[in-house]
Amino acid sequence: MENWFNVLGAERALPSKADTQLREMGFVVIPGPIPPEKFNSIVSAYDLAVASAFDADVKIGSTSIRITDFVNRGAEFDAFYIFPPLLDACCRVIGQEFKLSVMHARTLMPKVPAGALHVDFARDAEGFPMVGFILMVDGFHADNGATRFTPGSHAWPTMPNESTSQETAGHATQVMACGPAGSLIVYNGAVWHNHSANLSEMPRRSLQGAYIRRTARSGGNLPERMTAQTLARISPMAKYLLAV
Ligand SMILES: O=C(O)CCC(=O)C(=O)O
């Protein structure tokens, strides 16, 4: 069997400038795998997949709607979780064998406040346990809820104070991850982050996922949910990344 961790790590697909930013700031915005002229088909597929999801897979929160399991919602979404620069980032940040934990849609509703800063997975004795990615289905701008990050905070020993982090929405050290539709945010799961306020009248659509250590438990029972249709379509490398 192929040693995929070594294969992926050897490719060095993340440009060195992006690698430096990810290492120093804890996040980076890079062009995603689908070129702008073809991206409309992704937007249509997203809307269709969201509209046709069963209620059990839809979580409506106070600021956003989340729909689980985008591994099994169409071939259009396959390119995102096997994107070589993202996998290279996982090799570098996680530093050991990893797997996809979740991939879901998140639509931030119009006219909602910023979310409190948080970390997804704090650093531990083994290092950084998670790499997240956010595909901008709509362009992310300063006024439509772009993800906000506190640069360098993945290396801090402290955690964001959930009770005050809401007030830091406009703090000077905050950086908004903005970009045109199709851009991909890659971030270290230990960096302080959340969405900013969506002041616009429009929803902010995104596809989000997380890679974790291979020894950790996947979120959302990902291996159990795999459909025969998806398994017939995806590559051996994709199966390795999904741990199926
Ligand atoms: O939707 C966003 O901009 C932020 C997402 C986030 O904070 C998370 O998934 O942990």
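Where does the ligand sit? In this predicted model, for which local features need pLDDT of at least 70 and side-chain atom pairs count only at pLDDT 80 or more, totals for chains, interfaces and linings use all residues. Residues are numbered from 1 along each chain as its sequence is written, and side-chain values use heavy atoms, with hydrogens and water left out.

The ligand sits in the largest pocket. A pocket is here an open set of points, on a 1 Å grid over the protein atoms alone, where a 1.4 Å probe fits and where protein lies on both sides within 12 Å along at least five of seven lines; a molecule sits in it if more than half of its atoms lie within 2 Å of its grid points. The residues surrounding the ligand, each with a heavy atom within 4 Å of it, include Arg 106, His 118, Asp 120, Tyr 187, Asn 194 and Gln 208. Polar contacts, which are pairs of N or O atoms within 3.5 Å, are made to oxygen atoms of the ligand by side chains of the shell: Thr 147 lies 2.7 Å away through a polar side-chain atom, Arg 204 approaches to 2.8 Å through a side-chain N or O atom, and a polar side-chain atom of His 193 lies at 3.0 Å. Of the 300 Å² of accessible area that the ligand has on its own (Shrake-Rupley method, 1.4 Å probe), the protein covers 93%.

Strands are DSSP runs (E, at least two residues) numbered from the N terminus. Two of them, S9 and S10 (204-213), give two or more residues each to the shell around the ligand, and the largest share, three residues, comes from S9. Strand S9 belongs to an open sheet of three strands in the order S7-S6-S9, with antiparallel pairing, where two strands pair if DSSP finds at least two bridges between them. The edge strands of this sheet are S7 (175-177) and S9 (193-195), each pairing on one side only. Strand S6 (residues 147-149) is joined to S9 over three antiparallel bridges, and Thr 147 has His 195 in S9 as its bridge partner.

Strand S10 lies in an open sheet of seven strands, ordered S1-S8-S5-S10-S4-S3-S2 with antiparallel pairing. Strands S1 (27-31) and S2 (58-60) stand at the edges, and because each has a single partner strand, one side of each is left without a neighbour in the sheet. Within this sheet, S3 (residues 64-67) and S4 (residues 98-108) run antiparallel and are joined by four bridges, with Ile 65 partnered by Thr 107 in S4.

Methods. A polar contact is a pair of N or O atoms within 3.5 Å; within protein, one must be able to donate a hydrogen and the other to accept it, and residues adjacent in sequence count only if both atoms are side-chain atoms. On a 1 Å grid over the protein atoms alone, a cavity is a set of points where a 1.4 Å probe fits but cannot get out, and a pocket is an open set with protein on both sides within 12 Å along at least five of seven lines; lining residues have an atom within 4 Å of a point.
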